[in-house]
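Please open the model in your viewer and keep the selection tool at hand. The tour goes from stop to stop, saying at each one what to select and what is there.

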Amino acid sequence: MAGFKTLDDIGAVGGKRVLVRVDLNVPVADGRVTDATRIERIAPTISELSGKGARVILLAHFGRPKDGPSAEFSLEPIARATAEVLGRPVGFASDCIGDKAADAVAAMKDGDVLLLENTRFHKAEEKNDQAFTEKLAANGDIYVNDAFSAAHRAHASTEGLAHRLPAYAGRTMQAELDALEKGLGNPARPVVAIVGGAKVSTKIDLLMNLVKKVDALVIGGGMANTFLAARGTDVGKSLCEHDLASTSKQIMIEAAEAGCAIILPTDGVVAKEFKAGAASQTVAISDMPADGMILDVGEKTVKSVTDWIDRAATLVWNGPLGAFEIEPFDRATVAAAKHAAARTKEGKLVSVAGGGDTVAALNHAGVADDFTYVSTAGGAFLEWMEGKPLPGVEVLKR
């Protein structure tokens, strides 16, 4: 991977203590991990290093503890789940620094895997405190970052360690960076972006960046209503940020100057209330009833979106086209997602998607595995789409 040091550059690791920053911020209920997707994604890096004789020491955060150590935010249950995924024992130390960590590391044999306790039990972690970072570094010879999802944070375990130890990207980080490069860094053109979600206010930076990078920008979800209203369209009782009309107009002006087509809904699925099975009708946006809410885009808009997908060589997707959580307002998102997945499987499209709602929507459509890459990184993925440098990535550059 051009520009970044990876495990291909690491050399011999037998007998070396390798600190691996991973994402273990997984859902837990009654002491058990309910979704092991993030553990499964880091397994290749752990297995590769362990298989080469490294002593693999995992660093991770879990939740947002405010008052130091607590059972609620302990990583101990996640050590057990990690062992199940890896199919091998995973040790656990009840602190990430100090004697408890040092003793556990000292007891390791070549190939062993050890998980240290939640780094956020120490407030110095999020402050990227130098003294704390030195204590973390004392347990390792090499640093590997395999947590792209935390790369937008300049914390001790995500950025500070890379200044104190030889630093490399793990396989999950490498795959993410490769996919993002294909998505916006150096994409095959034409590039189409689909951006949905409830509010323009949460994605101003994203939209401002994308109109300069892509050939067409499809805007869906509640945020499309704000753009329609800015154009003078009556959107009835739909979710709409009327106070962002001038911002929406500016985005459209910048898109026009950059040669980026803005694709807005021409028809919508309208209901008087937002609930499952609510009576709905599809109307032209120009015929929007005053007492209605637009909860999904209509078939003509879906046809426009899929036509743009057919023209695209690269698709970047963040956010659903409608209120996909409730039927029948999931139809447009599902239809567009299935179309993009089919094009990808045919080898005609590079499709990169990310963001919490997006991952949920693609899973709902049953096509997440058919996209080129689906990022579970959340905030880091969004900041990358906004064009912002990510501290945890920048320090891995050659």
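Select Asp-30 to begin: with a relative accessible area of 83%, Asp-30 is exposed, where exposed means over 50%, buried means under 20% and partly exposed lies in between, computed with a 1.4 Å probe on protein chains only. Asp-30 sits in the loop between strand S2 (28-29) and strand S3 (32-33), these labels being DSSP runs numbered from the N terminus, with helices (H or I) of at least four residues and strands (E) of at least two. Its backbone deserves a look as well, since phi of Asp-30 is near 55°, a positive value in a residue other than glycine. Most residues other than glycine have a negative phi, and most peptide bonds are trans.

This is a predicted model, in which local features need pLDDT of at least 70 and side-chain atom pairs count only at pLDDT 80 or more, while totals for chains, interfaces and linings use all residues. Residues are numbered from 1 along each chain as its sequence is written, and side-chain values use heavy atoms, with hydrogens and water left out.

Go next to Asn-128, in the loop between strand S6 (113-116) and helix H4 (130-137). Here too phi is positive in a residue other than glycine, with a value near 55° for Asn-128, and the relative accessible area of 23% makes Asn-128 partly exposed.

Two prolines come next. Select Arg-189 and Pro-190, which are joined by a cis peptide bond with omega about 5°; Pro-190 has its place in the loop between helix H5 (171-185) and strand S9 (191-195). Then select Glu-327 and Pro-328, where another cis peptide bond has omega about 5°, and where Pro-328 belongs to the loop between strand S15 (314-318) and H10.

From that loop, show helix H9 (residues 299-311) together with helix H10 (residues 331-345), which pack at an angle of about 20° with their axes 10 Å apart. That makes H9 roughly parallel to H10, given that angles under 35 degrees count as roughly parallel, over 145 as roughly antiparallel, 65 to 115 as roughly perpendicular and the rest as oblique. The axes are lines fitted to C-alpha atoms, for helices over the stretch in contact, and the angles run from 0 to 180 degrees between N-to-C directions. Which residues in H9 and H10 meet? On the H9 side they are Val-302, Val-305, Thr-306, Ile-309 and Asp-310, and on the H10 side Ala-332, Ala-335, Ala-336, His-339, Ala-340 and Arg-343, contact meaning heavy atoms within 4.5 Å. The residues of this contact of H9 with H10 divide into seven nonpolar, two polar and two charged, where Ala, Val, Leu, Ile, Met, Phe, Trp, Tyr, Cys and Pro count as nonpolar, Asp, Glu, Lys and Arg as charged, and the others, Gly among them, as polar.

While H10 is still displayed, pick out Thr-344, which lies in that helix and counts as buried at 12% relative accessibility. Not counting residues up to four places away in sequence, Thr-344 touches Leu-349, Ser-351, Asp-370, Phe-371 and Thr-372.

Now bring up H7 and helix H8 (residues 245-258), whose axes come within 9 Å and cross at roughly 85°. That makes H7 roughly perpendicular to H8. Thr-226, Phe-227 and Ala-230 of H7 make the contact with Ala-245, Ser-248, Lys-249, Ile-251 and Met-252 of H8.

Stay on helix H7 and select Asn-225, which is found there. Is Asn-225 buried or exposed? Asn-225 counts as buried, at 2% relative accessibility, and, leaving out residues up to four places away in sequence, touches Val-235, Ser-238, Leu-239, Cys-240 and Ile-294.

The last stop is the largest nonpolar core, which has 71 residues, with Phe-148, Leu-210 and Leu-217 having the most contacts inside it; such a core is a set of buried Ala, Val, Leu, Ile, Met, Phe, Trp, Tyr and Cys residues joined through side-chain atoms within 4.5 Å. Its largest share, five residues, comes from helix H7 (residues 221-230). Centre the view on Phe-148, whose contacts, neighbours within four places in sequence aside, include Met-173, Leu-177, Phe-381 and Trp-384. A second, separate core of 32 residues can be located through Val-26, Ile-42, Ala-54 and Val-56, which are among its residues.
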